[in-house]
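Got the viewer open? Let's take a short walk through the model, one selection at a time.

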Amino acid sequence: MSIIGYLGVVGYLHQFDKGQATKLLVENHYSNDQQKVAKTLFNNGCQYCHSPNATLPFYSTLPVINNKMQNDIAAGLRAFRMDRLLEGAKDPSKLSQADLAKLQRVIENDEMPLPEFTHLHWGSKPDDQEKAFLLNWIHEKRQILLPKGTPNTDANRLVQPIPDSIPTDAKKVALGHSIFFDGRLSSDGSIQCHTCHQLDKGGVDRLATSTGIDGKKARLMPQQCLMQLLTSLNSGMVAQPI
């Protein structure tokens, strides 16, 4: 009976996945290569863990299963946001080198989907043709986003060199400097940006996690915040929440 039940769930998910992929493609009105990229990702179920508010199968509401799935989704959203990638496919100005590099690494290293997902979602693993198409698309987009005037850039590299300089506006630089050293942005006036991102220490405070108001510890290390900023400069994008 357990085998019959398992195969029944697999059969249900096969139909559910196909229906969700078709529905998402119709709703989002993709065109040309956008359609093919989205179809490949949707057909392999990437949206379940890497897009917020995805429609989940019926068993996602069961107490124990719900907790496990929500944890997996939270981890998936922290690692990669497919909705941002597809938004960038529609509007190249919103495309991020970081998102493209993450997807490239996962495809090249065959890291996704996880075995626990493919055990139920049969056929959710991209085939060689789908991988080749996605990697070619990623390479094309990363080539366009390469930092201009920076030596040793290569669209195949996961991490690009940081530009020696970027265009600046003197007034914005002065405003940024003022804000960076202004404690009024903290609730009690005691914490500045510079408190954690000390310029004489490479933008960090050399603590595992920074200390804030009333001695509270931060969730992220300053290094993580700094790398997010450098990634955004590298891609020409505004920094996105981690």
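The tour has two stops: a pair of helices, then a pocket.

**Stop one: α6 and α8**

Keep in mind that you're looking at a predicted model. Start by selecting residues 97–108, which make up helix α6, and residues 128–145, which make up helix α8. How do these two sit relative to each other? Their axes come within 10 Å and cross at roughly 150°. Angles over 145 degrees count as roughly antiparallel, so that label fits α6 and α8. The crossing of α6 past α8 is left-handed.

Now show side chains where the helices touch. On the α6 side, pick out Gln97, Leu100, Ala101, Leu103, Gln104, Ile107 and Glu108. Across from them, α8 brings Lys131, Leu134, Leu135, Trp137, Ile138, Lys141, Arg142 and Leu145. Colour this contact by class and you should get nine nonpolar, two polar and four charged residues.

**Stop two: the largest pocket**

Next, turn on a pocket or surface display. The largest pocket holds about 1,000 Å³ of space. To centre your view, select Cys49, Met112, Pro113, Leu114 and Phe117, the closest to the pocket's centre of the 42 residues that line it.

Which helices supply at least two residues each to that lining? Select α2 (32–43), α3 (47–50), α4 (63–79), α6, α7 (115–118) and α8. So you'll meet both helices from stop one again here. Linger on α4, which gives the most to the lining, with nine residues.

Finally, colour the whole lining by class: 27 residues are nonpolar, seven are polar and eight are charged.

Notes. Residues are numbered from 1 along each chain as its sequence is written. This is a predicted model: local features need pLDDT of at least 70, side-chain atom pairs count only at pLDDT 80 or more; totals for chains, interfaces and linings use all residues. Side-chain values use heavy atoms; hydrogens and water are left out. Axes are lines fitted to C-alpha atoms, for helices over the stretch in contact, and angles run from 0 to 180 degrees between N-to-C directions. Helices (H or I, at least four residues) and strands (E, at least two) are DSSP runs, numbered from the N terminus. Angles under 35 degrees count as roughly parallel, over 145 as roughly antiparallel, 65 to 115 as roughly perpendicular and the rest as oblique. A crossing is left-handed if the near helix is turned anticlockwise from the far one by less than a right angle, and right-handed if clockwise. Contact means heavy atoms within 4.5 Å. Ala, Val, Leu, Ile, Met, Phe, Trp, Tyr, Cys and Pro count as nonpolar, Asp, Glu, Lys and Arg as charged, and the others, Gly among them, as polar. On a 1 Å grid over the protein atoms alone, a cavity is a set of points where a 1.4 Å probe fits but cannot get out, and a pocket is an open set with protein on both sides within 12 Å along at least five of seven lines; lining residues have an atom within 4 Å of a point. Grid points are joined across faces, edges and corners, and a volume is the space filled by probe spheres set on the points.
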